Amino acid sequence: MRLVILGGSGSGKSTQAQRLCRYLDIPLISTGDILRSAISGNQPLPEFRWLEADPRTSLSVYASLSELGYHAQPYIQKGELVPDEMIIELIRIRLRQPDISCDWVLEGYPRTAFQAEELDFLLDDLGQKLDWAIYLQVPEAVMVSRSLGRSLPDDQPEIVQRRVELFYDRTIPILEYYDRRRCLLTINGDQSPEMVQQNILTLLSVP
């Protein structure tokens, strides 16, 4: 099963992505985790190979994950979205890694309608197809309060507010994109994590 988890900052998408991966026993691809590790200088993926023999899979701009993190850091510190080309390259390489088979949960991507289209193109190349995009719908006030309650270094009030604004500006068109393709599931994310997970599994028809 191939799933995308969508939601604003503090919507619980990281929590639900982790829960679904454990329940379904499939890999989690979290762009936020990868970027944070890149910025901190920790290589989170020992198998992460950036330079491949096949030019279609090589990363031509960034020689390493830490270099990508260096260029992405200013955007993250301001609460801005990391440029499309950086994230698209990261996902392209990640989906081709040996630990990723045909089943996965993708969290933190796509964040724009353009990225959603690019993901479809990439999956076509890989002979895969997205099963469902799961949108965790949470009121703005809840997103802000949840984000401020976390201990991540980039969860400062002005940054959180900026991320929420960007979510409504950039992410809502993604919902329309997936809705047109009839693969969007909308879940009330303003519930306990256990209840949200159960609602997701019910809609996925997973016992």
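Ring pairs link Y135, F167 and Y168 into a cluster. I begin with this cluster in a model that is predicted, and I shall move from the aromatic rings to the sheet and then to the nonpolar cores.

In total, the structure holds three aromatic pairs. Let us consider the pair formed by Y177 and Y178. How are these two rings arranged, stacked or edge-to-face? Their centres lie 5.3 Å apart and their planes stand at 80°; planes over 60 degrees apart count as edge-to-face, so this pair is edge-to-face.

Are these two tyrosines buried or exposed? Buried means under 20% relative accessible area. Y177 has a relative accessible area of 4%, so Y177 is buried. For Y178 the value is 1%, so Y178 is buried as well. Y177 also has a charged partner: the charged end of R181 sits over the ring of Y177, 3.6 Å from the ring centre.

I turn now to the sheet. Strands of a sheet pair through backbone hydrogen bonds, and this pairing may be parallel or antiparallel. Here we have an open sheet of five strands in the order 2-3-1-4-5, and the pairing is parallel. Why do strand 2 and strand 5 each have one side without a neighbour in the sheet? Strand 2, residues 28-30, and strand 5, residues 184-188, stand at the edges, and each has a single partner strand, so one side of each is left without a neighbour. From one strand to the next, the twist averages 20°.

Let us look at one edge in detail. Strand 4, residues 132-137, is joined to strand 5 by five bridges, and the two run parallel. Within this pairing, L136 stands opposite I187 of strand 5. Helix 8, residues 193-203, packs on the sheet and touches both strand 4 and strand 5. The direction of helix 8 makes about 155° with that of strand 5.

Finally, I come to the nonpolar cores. Which members of the largest nonpolar core touch the most other members? Among its 39 residues, these are I91, L95, L119 and Y178. Helix 7, residues 157-180, gives the most to this core, with seven residues. As for L95, if we leave aside neighbours within four places in sequence, its contacts are I29, I100, W104, L119, L122, L123 and L126. A second core, separate from the largest one, has 16 residues, including I26, I187, V196 and V206. We have thus met I187 twice: opposite L136 in the sheet, and in this second core.

Definitions and conventions. Residues are numbered from 1 along each chain as its sequence is written. This is a predicted model: local features need pLDDT of at least 70, side-chain atom pairs count only at pLDDT 80 or more; totals for chains, interfaces and linings use all residues. Side-chain values use heavy atoms; hydrogens and water are left out. A nonpolar core is a set of buried Ala, Val, Leu, Ile, Met, Phe, Trp, Tyr and Cys residues joined through side-chain atoms within 4.5 Å. Buried means under 20% relative accessible area, exposed over 50%, partly exposed in between (1.4 Å probe, protein chains only). Helices (H or I, at least four residues) and strands (E, at least two) are DSSP runs, numbered from the N terminus. Contact means heavy atoms within 4.5 Å. Rings of Phe, Tyr and Trp (its six-membered ring) pair if their centres lie within 6.5 Å; planes under 30 degrees apart count as stacked, over 60 as edge-to-face and the rest as tilted. A charge sits over a ring if NZ of Lys or CZ of Arg is within 6 Å of the ring centre and within 35 degrees of the ring normal. Two strands pair if DSSP finds at least two bridges between them. Axes are lines fitted to C-alpha atoms, for helices over the stretch in contact, and angles run from 0 to 180 degrees between N-to-C directions.
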